[in-house]
Amino acid sequence: MATKKQAAAAKRNIKKAQKAATKRRTIANLPKSTRRELGRQAARGRARGGHAGHDLEDRNRTQLYAEAKKLGIPGRSRMGKWELIDAIRAAR
């Protein structure tokens with residue numbers, strides 16, 4: 001039998017998970033033009049064998065984050081792909 005504290009924690013966790021599920025945006029919910037562009041980016045990545053391209057736009061967020069870390073860009077963990085690209089270009 002769960003204690004009152006455990007039951008309350010479980011309820012909080014369920015509510016938190018339900019809230020996150022309703023906020024989640026899957027690729028299917030994105031606009032068609034965005035889905036198409038994501039597909040193109042993925043195709044370019046597959047063509048390169050998963051290695052980073054020369055253009056910043058050809059890199060994924062993880063690769064851009066690593067570059068931003070080398071350059072010591074503050075706030076990089078909260079940035080998206082395009083924000084990282086802008087910050088890297090500004091830092092160079």
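**Helix packing and the largest pocket**

In this predicted model, helix H3 passes helix H4 in a left-handed crossing. H3 spans residues 61-71 and H4 spans residues 81-91, and the two pack with their axes 10 Å apart at an angle of about 30°. Because of that angle, H3 counts as roughly parallel to H4, the cut-off being under 35 degrees.

A look at the side chains helps to fill in the picture. On the H3 face, the residues that take part are Arg61, Leu64, Tyr65, Glu67, Ala68 and Leu71. Their partners in H4 are Lys81, Leu84, Ile85, Ile88 and Ala91. Sorted by class, this contact between H3 and H4 holds 8 nonpolar and 3 charged residues, with no polar ones.

Attention now turns to the largest pocket, which encloses about 160 Å³ of space. It is lined by 14 residues, and those closest to its centre are Gly45, Arg48, Asp58, Arg59 and Asn60. Helix H2 (residues 32-47) supplies the largest share of this lining, with 5 residues. As for the character of the pocket wall, the lining comprises 7 charged, 6 polar and 1 nonpolar residues.

Key:
Residues numbered from 1 in each chain as written. Predicted model: local features only at pLDDT ≥ 70, side-chain atom pairs only at ≥ 80, totals over all residues. Heavy atoms only, no water. Axes fitted to C-alpha atoms, helices over the stretch in contact; angles between N-to-C directions. Helix = DSSP H or I, 4+ residues; strand = E, 2+ residues; numbered from the N terminus. Parallel < 35°, antiparallel > 145°, perpendicular 65-115°, else oblique. Left-handed = near helix turned anticlockwise from the far one by under 90°. Contact = heavy atoms within 4.5 Å. Nonpolar A, V, L, I, M, F, W, Y, C, P; charged D, E, K, R; others polar. 1 Å grid on protein atoms, 1.4 Å probe; cavity = no way out; pocket = protein on both sides within 12 Å on 5 of 7 lines; lining within 4 Å. Points joined across faces, edges and corners; volume = space filled by probe spheres on them.
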